[in-house]
Amino acid sequence: MLLYDGEENLSSFLQQLENNKDYSNIPNLYYLDDHRNLKRNEIVESKTINSLPPDFDGFDFSKYFTDNLWIPIYISRACVNKCTFCTIPNASGGKFRHMPAKKVVENMEVVKEKYGISHFSFVDEIFLVPKMKQIAKLLIDNEQKDISWYCETRFSKLLTADTTQILRKGGCSNIQFGLESYNQRVLDLMDKNIDIAWIEPNIIN
């Protein structure tokens, strides 16, 4: 069993599988040795992120019950925040890291060209507002007017009226927010790092 992200560890595992099958130095691996004893290798936080375009070769898109397909894509892994109720910081097994916005837009354009699909769902644990703005501006500059996308983010003082207009012009069609409470004391106990004064303006914008 390989725990957490697999970009680095899976490659090491496959190499050992083809060679001498010595699994003792592969990080984040739990396995049974020749005597059926459970071995737990060192847990190491991931530092890399897979920047390749998503590959959907072999998927029969005609079997989806919708006219507009939405392709999952991401710009980051893990989360910047550590809310008290959330398992993501412990379950993702790595520090927060992200790709350059230019690379993400290139991946979107590759998917659009290859599969004829121009709707994207960002599946990041958190999509930070500055990155959202960079994505939107690049799509505007590249004149990708038919590309649309949605994402999940936190309430933020950075989501001003001017910023949301840029996001909309740059293809953002929908934003989901995590509103666990509309009470500042409860939000503070959750370590949400959100001011309730941001919530209503964000929704209006």
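## Aromatic pairs

Across the whole of this predicted model, a search turns up 11 aromatic pairs. One of them joins F56 and Y115 in an edge-to-face arrangement, with 6.2 Å from centre to centre and 80 degrees between the planes. F56 belongs to the loop between strand 2 (38–40) and strand 3 (70–73), while Y115 is part of helix 3 (residues 101–115), so this contact ties together parts that are 59 residues apart in sequence. Both F56 and Y115 are buried.

## A second partner for Y115

Y115 also pairs with F61. Here the ring centres are 5.8 Å apart and the planes stand at 80 degrees, so this pair too is edge-to-face. Once again distant parts of the chain are linked: F61 sits in the loop between strand 2 and strand 3, Y115 in helix 3, and 54 residues separate them.

How do F61 and Y115 compare in exposure, and which is buried or partly exposed? F61 has 21% relative accessibility and counts as partly exposed, whereas Y115, at 17%, counts as buried. The cut-off for buried is under 20%, so Y115 falls within it and F61 does not.

## The cluster around these rings

It helps to view these contacts together. F56, F61 and Y115 are members of one aromatic cluster, which also takes in F59 and Y64.

## A charge over a ring

Another kind of contact involves the ring of Y74. The charged end of R77 sits over that ring, at 5.5 Å from its centre.

Definitions and conventions: Residues numbered from 1 in each chain as written. Predicted model: local features only at pLDDT ≥ 70, side-chain atom pairs only at ≥ 80, totals over all residues. Heavy atoms only, no water. Phe/Tyr/Trp six-rings, centres within 6.5 Å; stacked < 30°, edge-to-face > 60°. Helix = DSSP H or I, 4+ residues; strand = E, 2+ residues; numbered from the N terminus. Buried < 20%, exposed > 50% of the residue type's maximum accessible area, 1.4 Å probe, protein only. Lys NZ or Arg CZ within 6 Å of the ring centre and 35° of its normal.
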